[in-house]
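User: Please take a close look at the aromatic side chains in this model. I would like their geometry first, then their surroundings, then the wider structure.

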Amino acid sequence: MERSQQALGRAQFRAKGKWYLAQEVDSLLEELSVCLEEDGREREALEGEARSLRQENARLAQELQEARARLAQWEEASQEARQRRVCQELERERDSLIGDIKALRRFRESFRQAVEEDAQSLLRRAESLPSEKLL
């Protein structure tokens, strides 16, 4: 389009009477025709490139959408895995605490029995003493 405008801007015709010289007019028409053909080819090439870019844009948009979907799935799976790890850690801690509680109960029972045996032993000794005044 720009070339056509330049060609028109350069055009100068000499008049021969009431008419312009046919060679000059034909030369301008030929130059304009060439410019129009070149512009047409350039337009077709640009339209093809635009079509190609639109297709690539659509493909990239689809890839982006798929990537976002995969990311969401991965984040969900990652969150589930994190929750499983936390649950496993809590279960291990619970099991450890249950073991500690059982050990404390066993200790309490053995300590109670030891205190009871000591008390009975002291009572037996006290009973074996000759006088009740010592008690």
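Analyst:
**The aromatic pair and its helix**

Across the whole structure, a search turns up one aromatic pair. The partners are Phe 107 and Phe 111, with ring centres 5.8 Å apart and planes at 20 degrees. Planes under 30 degrees apart count as stacked, so this pair is stacked. Keep in mind that the model is predicted.

The spacing along the chain comes next. Phe 107 and Phe 111 sit four residues apart in helix H2, so about one helical turn separates them. Phe 107 has a relative accessible area of 52%. The limit for exposed is over 50%, so Phe 107 counts as exposed.

The two rings also belong to a surface feature. Phe 107, Phe 111 and Val 115 make a nonpolar surface patch of about 320 Å². Val 115 lies in helix H2 as well, and that helix covers residues 22-128. The relative accessible area of Val 115 is 43%, which makes this residue partly exposed.

Charged side chains come next. Arg 112 forms a salt bridge with Glu 109, and their closest N and O atoms are 2.4 Å apart. Both residues lie in helix H2, three residues apart, or about one turn. Arg 112 has a second partner in Glu 116; here the closest N and O atoms are 3.1 Å apart. Glu 116 and Arg 112 are four residues apart in helix H2, so about one helical turn lies between them.

How accessible are these three? Arg 112 is partly exposed at 43% relative accessibility. Glu 109 is partly exposed too, at 31%. Glu 116 is likewise partly exposed, at 39%. The band for partly exposed runs between 20% and 50%, so each of these values falls inside that band.

Helix H2 carries another charged group. Glu 63 and Arg 59 meet through their side chains in a salt bridge, at 2.6 Å from N to O. They lie four residues apart in H2, about one turn of the helix. Glu 63 is partly exposed, with 37% relative accessibility. Arg 59 is partly exposed as well, with a relative accessible area of 42%. A network of salt bridges links Glu 56, Arg 59 and Glu 63. For the structure, the count of salt bridges comes to six.

Now the cysteines. The structure holds zero disulfides. Cys 35 is buried, with a relative accessible area of 7%. Cys 87 is partly exposed, at 44% relative accessibility. The cut-off for buried is under 20%, so Cys 35 meets that limit and Cys 87 does not.

Now step back to the fold. The protein has two helices and two strands. From the N terminus on, their order is α-β-β-α. Buried residues account for 7% of the 135 residues. The exposed area of the protein is about 12500 Å², and carbon and sulfur atoms supply 54% of it.

Confidence varies between the elements. The average pLDDT of the protein is 85, and 80% of the residues score at least 70. Among the elements, H2 has the highest mean pLDDT, 91. Helix H1, residues 2-10, has the lowest, at 60. The stacked pair lies in helix H2, the element with the highest mean pLDDT.

To sum up the close look: Phe 107 and Phe 111 are stacked, and with Val 115 they make a nonpolar surface patch. Arg 112 forms salt bridges with Glu 109 and with Glu 116. These residues lie in helix H2.

Notes
Residues are numbered from 1 along each chain as its sequence is written. Side-chain values use heavy atoms; hydrogens and water are left out. Patches are made of residues with over 30% relative accessible area and no salt bridge: like charges are joined within 9 Å, nonpolar side chains (Val, Leu, Ile, Met, Phe, Trp, Tyr) within 5 Å. Accessible areas come from the Shrake-Rupley method with a 1.4 Å probe; for residues, only the protein chains shown count as cover. A salt bridge is a side-chain nitrogen of Lys or Arg within 4 Å of a carboxyl oxygen of Asp or Glu. Buried means under 20% relative accessible area, exposed over 50%, partly exposed in between (1.4 Å probe, protein chains only). A disulfide is a pair of cysteine sulfur atoms within 2.5 Å. pLDDT is the predictor's confidence in each residue, from 0 to 100. Rings of Phe, Tyr and Trp (its six-membered ring) pair if their centres lie within 6.5 Å; planes under 30 degrees apart count as stacked, over 60 as edge-to-face and the rest as tilted.
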